[in-house]
Amino acid sequence: MSTLADHGRELVPRPEQTPDALRTALAVVAPARLEEMQATKDDAFAKAVKWESLSPVQSWVLRWARDIEIARRPDLASRFERAQSTLEDEDPDVAREALRELTAVLDEAMTAVRG
């Protein structure tokens, strides 16, 4: 579980990195993405069987843990949304800064979920 002192208000505690826990958290913070989560889960499990490797499943878990980390923390979610909205700005400096910020948010979220 995470602490509130690290980054302010959180919508839900950081979930365990299991499919059920991630799905439960996503249902709270971004329910519109549940269908996308299921589709990518199905794809990851199919690849795992085909490749005889758990790597696709591990990648799926990390991707959704990262995305939920962003969605559950309003500070990260607002930075992410702002960066995405200016990513294709006509001003190359604005677009470059948006890409830098988007990368920073994704890195921060991934670092948090990896512990």
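This report describes the confidence, the largest pocket and three individual residues of a predicted model.

**Confidence**

The pLDDT of the chain averages 93, and 93% of the residues score at least 70. Residues 1-6 stand apart from this picture, with pLDDT under 50 throughout. For that segment the model has eight contacts beyond four places in sequence. Where pLDDT is low, the predicted coordinates should not be read in detail.

**The largest pocket**

The largest pocket encloses about 160 Å³ of space. Its lining consists of Val 29, Ala 30, Arg 33, Arg 66, Asp 67, Ile 70, Ala 71, Ala 77, Phe 80, Glu 81 and Leu 106. By residue class, the lining of the largest pocket comprises seven nonpolar and four charged residues, with no polar ones. Helix 4 makes the greatest contribution to this lining, four residues. Helix 4 and helix 5, the latter spanning 74-85, each supply at least two lining residues.

**Individual residues**

The table sets out the relative accessible area of three residues.

| Residue | Relative accessible area | Class |
|---|---|---|
| Arg 72 | 0% | buried |
| Ala 109 | 0% | buried |
| Glu 52 | 75% | exposed |

Arg 72 belongs to helix 4, which covers residues 55-72. Arg 72 counts as buried because its relative accessibility of 0% falls under the 20% cut-off. The side chain of Arg 72 also makes a polar contact of 2.9 Å with the side chain of Glu 69.

Glu 69 appears again among the neighbours of Ala 109, a residue of helix 6 (residues 92-114). Leaving aside residues up to four places away in sequence, Ala 109 touches Arg 66, Glu 69, Ile 70 and Leu 76. Of these neighbours, Arg 66 and Ile 70 are also listed in the lining of the largest pocket. Asp 67, another lining residue, is 42 residues from Ala 109 in sequence, yet the C-alpha atoms of the two are 7.7 Å apart in space. Ala 109 is classed as buried because its relative accessible area is 0%, under the 20% limit.

Glu 52 presents the opposite case in terms of exposure: its relative accessible area is 75%, so it passes the 50% threshold for an exposed residue. Glu 52 is located in the loop between helix 3 (34-51) and helix 4. The backbone of Glu 52 has a positive phi of about 55°, although the residue is not a glycine. Most residues other than glycine have a negative phi.

How values were computed: Residues are numbered from 1 along each chain as its sequence is written. This is a predicted model: local features need pLDDT of at least 70, side-chain atom pairs count only at pLDDT 80 or more; totals for chains, interfaces and linings use all residues. Side-chain values use heavy atoms; hydrogens and water are left out. pLDDT is the predictor's confidence in each residue, from 0 to 100. Contact means heavy atoms within 4.5 Å. Buried means under 20% relative accessible area, exposed over 50%, partly exposed in between (1.4 Å probe, protein chains only). A polar contact is a pair of N or O atoms within 3.5 Å; within protein, one must be able to donate a hydrogen and the other to accept it, and residues adjacent in sequence count only if both atoms are side-chain atoms. On a 1 Å grid over the protein atoms alone, a cavity is a set of points where a 1.4 Å probe fits but cannot get out, and a pocket is an open set with protein on both sides within 12 Å along at least five of seven lines; lining residues have an atom within 4 Å of a point. Grid points are joined across faces, edges and corners, and a volume is the space filled by probe spheres set on the points. Ala, Val, Leu, Ile, Met, Phe, Trp, Tyr, Cys and Pro count as nonpolar, Asp, Glu, Lys and Arg as charged, and the others, Gly among them, as polar.
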